[in-house]
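Dear colleague,

I am handing over the structure below, together with some notes on what turned up when I went through it. Please read the notes with the coordinates open beside them.

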Amino acid sequence: MSNRRTSRFWWQLLFGVHLGFASGLVCLPAHAQNQAPAAKGPSTNASPAPVTAKPEATKPPPAPAPAPTLTPAPTPVAVVAPPPNPSLTPDRIAFTAAVAAMEDRQFDRAVKEFTEFQAKFPESPFKAEAVERALQATGESFLQREDYTNAATTLAKFQSTYTNSPRAVLAALGEASARLRLNDFSKTIAVLTDPKGAFQQALSTNSPPEALFLGLFILAEARLRTQAPDAALETLDRAASLARTPAEQWSQQQLRVEVLTAANRIDAAIAAGEKLRDLSQNETLKSKRAGSNEQLAQLYDRAGKTDRARLTWEANLSTDIPIDARHRAAIRVAEFFLQSGEVQIARQRLEDFLRTSGSDGGSTRVRLMLGQTLFRQYMSLRGAKTNSVPLEATALLTQATQQLDAVATNTTDTTTVPLAQLGRGWCLWEQAVIGLATNRFSEASEAFRIAAERLPHSIDQAIARFKHADCLLNLKQPALALTNYLLVSERYKDLPKVQAELAESALLQSALVATDLGNLDTAYQAAERLLNLDNSGEELQKSVLLAGQTLASAGGGTQARSLFAQFSAKFHSAPLRADAQLAIASSFMREENWTNAIVVLNPWVSTYATNHSASPRAQFDLAWALEQAGLATNSVVTFRNLVTKYPNHPLAQTALLLLGDRYSARGDFANAEQAFITIFTNTAWAATSAQQHAYLGAARAALARGSSPTARDRLNTLINDPSCPTNLLAEAFFWLGTAWYDEVPEVRTNVVGNFTEAMKAFSKVERFASPNDEWTPQAWCLIGQCALQIAAVDSKFYATANTNFLKTVRSPTADVTWRSRAAIGLANVARRTGQPESALEYYQDVYYGKLRKPNEDLDPFYTWRAGLEACQLLEEQGRKTEAIRVCERLGEIFPSQKPLLEKRIHALKETG
């Protein structure tokens with residue numbers, strides 16, 4: 001309970017004291033006794049009541065005042081005036097009027113009138129008392145205006161000046177109350193415990209009891225504030241004997257509850273709270289029942305006595321309880337059920353309350369909680385699914401939205417409306433996520449924005465800003481989203497709950513979004529702040545790694561490596577430190593900085609190879625870096641180690657495919673074939689893409705080592721696989737045709753059969769190849785080659801050969817090698833069909849470079865072959881001079897072959 005709340009009890013008591021001294025007694029008026037403090041919330045700033053005194057009993061009593069003359073009414077009524085009182089002198093009248101102003105708590109008027117009295121009646125016997133009362137009224141005026149410093153000073157002066165005044169005890173109470181309000185607790189205690197002070201002097205005579213009760217009450221509270229609970233309780237025990245009215249008894253008991261609670265004597269506080277509740281059953285204390293119940297319920301809750309706490313709160317649901325207290329009770333009872341997981345009961349209690357409480361405006365708080373409860377029910381039913389959400393769940397979401405909409409449109413309740421907008425934002429967000437309605441991200445964004453603007457500095461405001469950013473991100477407004485994520489990470493450093501629950505996510509999102517925007521400096525700063533959070537949990541480590549990896553992939557390799565280095569320094573013994581080192585290596589890999597990648601990966605593999613889930617990836621990257629750095633032998637060894645250690649790992653598939661290619665490139669076709677066989681014989685990889693590629697690779701290796709039948713078997717297995725993709729089928733048919741084409745049959749008469757089978761396979765390539773596939777023009781060229789061979793026994797195949805060679809030469813996707821090979825094929829068709837000039841032109845197209853595209857060089861093999869074929873053709877026709885010129889051109893193209901060409905030129909000249 002706050003200091004201001006507790007102070008309210010003695011404040012009401014103090015300024016409810018009617019300080020008219022009659023026979024030296026002070027009494028509490030009934031209306032002040034029945035004042036009740038609010039059960040919850042900040043104390044009011046009510047002006048203090050007066051501390052006044054009538055003339056001392058030793059002074060001559062004033063004569064009875066004459067009855068005033070009444071203003072005549074329309075129908076005159078005869079009034080008999082009492083006889084005049086000769087003792088009513090002008091000074092007595094003025095003095096009595098000033099005292100009356102003081103008794104009516106008109107302190108400023110009292111000060112003015114007592115001051116004027118002194119000037120007007122300097123010889124009056126009442127002058128001394130007027131001076132005294134003026135000083136007291138001045139102090140009480142300061143107190144009434146809550147100018148506690150001047151009040152304390154003035155009333156202290158009164159006590160030191162008028163030590164024997166019967167009003168000194170009232171001045172002491174006023175000074176003590178002022179100093180208590182100034183939080184000067186030690187001075188408050190000193191005023192009330194000074195043995196020579198007015199209060200202790202009055203306490204020794206046990207009079208006046210009302211003032212003594214109030215003084216002890218203030219003293220007990222001051223001792224509570226100085227953490228002296230035993231002294232406070234002792235003081236309250238003494239005050240209890242002076243508590244005559246139910247209001248005083250209740251106030252004394254209430255402060256006792258607070259003292260025991262502050263001392264953490266919960267069982268004793270509960271016992272006192274139960275007595276307090278019983279006291280509030282007095283009819284004159286009806287207004288205190290709600291507060292008494294609330295205080296006791298809170299104590300039960302603190303002691304873990306949940307059922308008693310709930311039942312006590314439920315007592316405040318009675319219709320004779322003030323509506324605000326009933327609202328608080330309805331909410332707290334629902335909270336009990338929510339905390340125990342009984343969401344449906346909590347919902348029913350809230351709905352019942354709204355149904356029976358009428359249209360009171362305070363119900364917005366209950367309606368807000370009902371909306372939140374319905375949303376909680378929805379989330380429970382939805383679970384992790386974002387599609388196929390049950391109809392029951394969507395109905396709950398709709399109801400939650402309706403309740404929160406009703407609160408959000410309330411323009412008077414500035415406390416609940418922002419929270420309702422926050423809840424609406426969540427409901428609209430969910431509607432967008434599950435596809436319940438269109439354009440909901442935009443509406444949710446607006447609701448979260450309003451909530452963030454109107455909520456106080458709190459975790460709720462931080463959540464609203466965070467979700468506003470999420471919505472903006474979904475609305476393709478990343479720059480605005482980044483601004484809000486950064487606000488969440490920067491503005492709530494003073495709120496531990498935000499730091500614990502939102503800071504990490506906000507900084508991670510800031511880093512990721514800034515990276516996407518290309519703002520790598522901001523991304524790095526956010527990631528660095530993320531790393532420096534006062535947290536060492538694994539989730540934080542993962543977030544930092546993700547931020548760094550994203551930064552590296554966007555081209556911020558240097559910044560990412562700096563981040564990872566700091567990560568390794570901070571979490572030097574954490575399991576994820578290995579991941580940070582691996583991320584550094586990956587950043588070098590992305591930059592194709594193979595040397596530095598190897599420097600990081602080599603020790604990593606040695607350290608973590610046996611106990612880290614990323615070991616296969618690291619070994620694969622190391623092998624690849626070694627390959628790219630030109631260390632092929634080391635690369636093959638590393639790939640082979642990976643396959644041996646992790647034979648069923650997906651990366652082992654890729655490693656074996658690469659090994660097969662590397663062995664093939666080195667001419668080691670036996671090992672290449674074995675690498676591919678390892679893939680398609682592994683049952684763990686059945687029907688995978690890698691297995692299909694392995695069949696193709698093994699077939700090509702078999703072809704390379706001269707085993708066409710083996711190659712055909714593997715290719716047919718692949719072709720007959722119904723799951724084989726069409727682009728792979730195109731290549732499979734190409735190599736199947738090649739297997740038939742390259743095979744030399746044992747019986748020469750089967751040559752035509754081989755070429756026929758090859759043509760069948762090559763003709764299917766175009767059917768499965770994509771429009772611009774490389775295999776189709778090559779297949780056309782090889783069909784031409786097969787047809788040219790078959791034409792030796794069946795001339796009609798020359799036309800087939802010519803057509804396919806032309807298609808290859810004209811193909812936009814055929815490279816210079818295949819166009820050159822096809823052109824030579826056209827030349828050979830022309831020679832065999834008696835068209836030597838056409839044949840020569842085709843040969844010349846090749847060695848003159850006519851078939852090249854701007855970015856292509858001559859194909860050495862077919863350029864050389866075309867030149868020799870042209871030279872032979874010209875020689876056959878007796879055109880030796882032209883043949884010699886062809887040899888000279890070839891010498892210009894191939895300088896290394898000049899000695900050989902010169903011999904041929906010499907021979908041509910000799911025979912010419």
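Which residues touch the most other members in the largest nonpolar core? Please keep in mind that this is a predicted model. The largest nonpolar core holds 81 residues, and those that touch the most other members are Leu-173, Leu-192, Phe-199, Leu-255, Val-259, Val-366 and Tyr-378. The element that gives the most to this core is helix α10, spanning residues 209–225, with 11 residues. A second core, separate from this one, has 73 residues, among them Phe-639, Ala-699, Ile-719 and Trp-775.

To take one residue of the largest core, Leu-192 has contacts with Ala-172, Leu-173, Ala-176, Phe-199, Gln-200, Gly-215, Ile-218 and Leu-219, when residues up to four places away in sequence are left out of the count.

Ahead of helix α10 there is a loop that joins it to α9 (198–205), and Ser-207 lies in that loop. With a relative accessibility of 27%, Ser-207 counts as partly exposed, and its C-alpha atom is separated by 9.9 Å from that of Val-169, which is 38 residues apart from Ser-207 along the chain.

As for the cysteines, the structure contains zero disulfides. Cys-887 is in no disulfide, because the nearest cysteine sulfur, which belongs to Cys-871, is 3.4 Å away, whereas a disulfide requires the two sulfur atoms to be within 2.5 Å. Cys-887 counts as buried, at 1% relative accessibility, and Cys-471 is likewise classed as buried, at 0%.

With best regards

Note on methods: Residues numbered from 1 in each chain as written. Predicted model: local features only at pLDDT ≥ 70, side-chain atom pairs only at ≥ 80, totals over all residues. Heavy atoms only, no water. Buried < 20%, exposed > 50% of the residue type's maximum accessible area, 1.4 Å probe, protein only. Core = buried A, V, L, I, M, F, W, Y, C linked by side-chain atoms within 4.5 Å. Helix = DSSP H or I, 4+ residues; strand = E, 2+ residues; numbered from the N terminus. Contact = heavy atoms within 4.5 Å.
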